[in-house]
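User: I would like a close look at one part of this model, the sulfur bonding, and then at what surrounds it. Please give the cut-offs along with the values.

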Amino acid sequence: MGSPASTAVAAVVVVLLCGASARAQDMDKEWARPPYRGFFGGPGSMLPQSDVDLLEFPLNLEYLETEFFCWSALGYGLDAIDANLTGGGPPSIGGQSASLTPFVRDVATQFCYQEVGHLRAIKQTVRGFPRPLLDISAANFGKIIEQALNATLDPPFNPYENSVNFLIASYIIPYVGLTGYVGANPKLLTPQARKLLAGLLGVESAQDAVIRTLLYERGMTRVASYGVGVAEVTAHISDLRNALGRRGVKDEGLVVAPGQGPEGVTVGNVIAGDHLSLAYDRTPEEILGIVYGTGNPAQHGGFFPQGADGRIARGFLV
């Protein structure tokens with residue numbers, strides 16, 4: 001027989017083990033509950049509210065990319081592809097078929113259906129929200145380019161006019177979502193959410209790389225009759241996004257100043273990255289300021305005339 005001391009220690013260990021087992025069972029029950037009491041998600045999905053919020057927020061950008069790429073490539077938007085994915089949200093403003101070369105139209109078509117897949121993936125994981133009102137009109141893109149160049153253009157910039165204009169307009173959108181995914185990654189709590197985000201980020205990054213590569217090849221091409229080269233326009237767009245984001249340099253054009261390219265060696269900058277060539281990150285607050293065109297997440301406008309949706313975006317508007 002053991003001593004009284006050893007018997008007491010054994011009893012304490014048993015109590016602790018039982019307590020740990022009970023706590024583990026409680027945690028299992030907690031995660032097994034239906035999607036309420038702090039855990040939410042789509043069918044068969046149970047995620048903490050913070051993960052849900054961070055996965056729902058990018059739906060705003062995914063809707064925007066879907067509408068712009070599909071309208072440009074196909075002449076119609078999400079309503080004609082799968083109306084259920086719109087959630088009954090209002091139709092986009094100003095979408096139209098772009099005048100594209102067969103090659104660029106093929107790329108845009110692939111982007112279109114990739115974005116549709118992204119919407120499905122997110123909505124299979126979280127409940128999501130209806131498509132918000134989006135302004136993808138030529139007039140809105142024209143305002144953005146004029147704001148970037150700090151000039152009034154005549155004729156106004158039209159993203160649907162030709163392939164170069166379309167690629168410049170495309171430069172405006174996916175990169176913003178890419179930086180948002182990078183920013184959200186360390187804040188996610190669950191493997192399920194991180195896996196989804198990694199998959200989305202991989203394709204968004206590839207889209208941005210394709211757009212930048214096609215524009216880089218045309219770097220010295222003049223944009224319409226404006227006397228400005230493609231590379232210079234991208235630099236101005238990146239500067240504008242940095243200004244609207246209000247968090248320093250997180251955006252770079254296709255050509256940078258000496259010493260600012262990869263390892264300080266090149267001025268060519270086909271893929272944007274920091275001093276270690278790592279992707280920049282942005283917060284939802286920064287992203288909203290950029291896509292609203294106001295620099296203020298509480299002042300909607302730009303691509304979202306009535307504001308973005310989801311708990312994070314709505315939280316800035318109240």
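How many disulfides does the count come to?

Analyst: The count comes to one disulfide, where a disulfide is a pair of cysteine sulfur atoms within 2.5 Å. This is a predicted model, in which local features need pLDDT of at least 70 and side-chain atom pairs count only at pLDDT 80 or more, while totals for chains, interfaces and linings use all residues. Residues are numbered from 1 along each chain as its sequence is written, and side-chain values use heavy atoms, with hydrogens and water left out.

The bond joins Cys-70 to Cys-112, with an S to S distance of 2.0 Å. The torsion about the S-S bond is about 90°, so the disulfide is right-handed. Cys-70 sits in helix α3 and Cys-112 in helix α5, so the pair links distant parts of the chain, 42 residues apart. Helices here are DSSP runs of H or I of at least four residues, and strands are runs of E of at least two, numbered from the N terminus. Both ends of the bond are covered: Cys-70 has 0% relative accessibility, and Cys-112 also has a relative accessible area of 0%. Each counts as buried, because buried means under 20% relative accessible area, against over 50% for exposed and partly exposed in between (1.4 Å probe, protein chains only).

The two helices that hold the cysteines also meet α7. Helix α7 spans residues 163–172, and 10 of its 10 residues are buried. These residues pack against α3 (59–74) and α5 (102–123), and also against α6 (138–149), α8 (174–184), α9 (191–217) and α10 (230–245), a contact being heavy atoms within 4.5 Å. Among the buried residues of α7 are Phe-166, Leu-167, Ile-168 and Tyr-171. Asn-165 is in α7 as well and is buried, at 1% relative accessible area. Leaving out residues up to four places away in sequence, Asn-165 touches Phe-157, Asn-158, Pro-159 and Val-223. The N-terminal end of α7 is capped by Asn-162, with a side-chain oxygen 3.2 Å from the backbone nitrogen of Val-164.

After α5, the chain enters the loop between α5 and α6, where Thr-125 is found. Thr-125 is buried, with a relative accessible area of 10%. Its C-alpha atom is separated by 8.5 Å from that of Leu-196, although the two residues are 71 apart along the chain.

Helix α3 also borders enclosed space. The whole structure has one cavity of 30 Å³ or more, and about 150 Å³ of space lies in the largest cavity. On a 1 Å grid over the protein atoms alone, a cavity is a set of points where a 1.4 Å probe fits but cannot get out, a pocket is an open set with protein on both sides within 12 Å along at least five of seven lines, and lining residues have an atom within 4 Å of a point. Grid points are joined across faces, edges and corners, and a volume is the space filled by probe spheres set on the points. The largest cavity is lined by 17 residues, with Phe-57, Pro-58, Gly-180, Tyr-181 and Ile-287 nearest its centre. At least two lining residues come from each of α3, α8 and α11, and α8 gives the most, with five. By class the cavity lining has nine nonpolar, four polar and four charged residues; Ala, Val, Leu, Ile, Met, Phe, Trp, Tyr, Cys and Pro count as nonpolar, Asp, Glu, Lys and Arg as charged, and the others, Gly among them, as polar.

Helix α3 contributes to the second largest pocket too: α3, α6, α10 and α11 (284–292) each supply at least two residues of its lining. This pocket has a volume of about 210 Å³. Of its 19 lining residues, Ile-144, Ile-290, Val-291, Gly-293 and Phe-303 are the closest to its centre. The lining has 13 nonpolar, four polar and two charged residues.

Arg-282 lies in the loop between α10 and α11. At 2% relative accessibility, Arg-282 counts as buried. Its side chain makes a polar contact of 3.3 Å with that of Asp-251; such a contact is a pair of N or O atoms within 3.5 Å, where, within protein, one must be able to donate a hydrogen and the other to accept it, and residues adjacent in sequence count only if both atoms are side-chain atoms. With residues up to four places away in sequence left out, Arg-282 touches residues including Tyr-175, Gly-180, Arg-241, Ile-287 and Ile-290.
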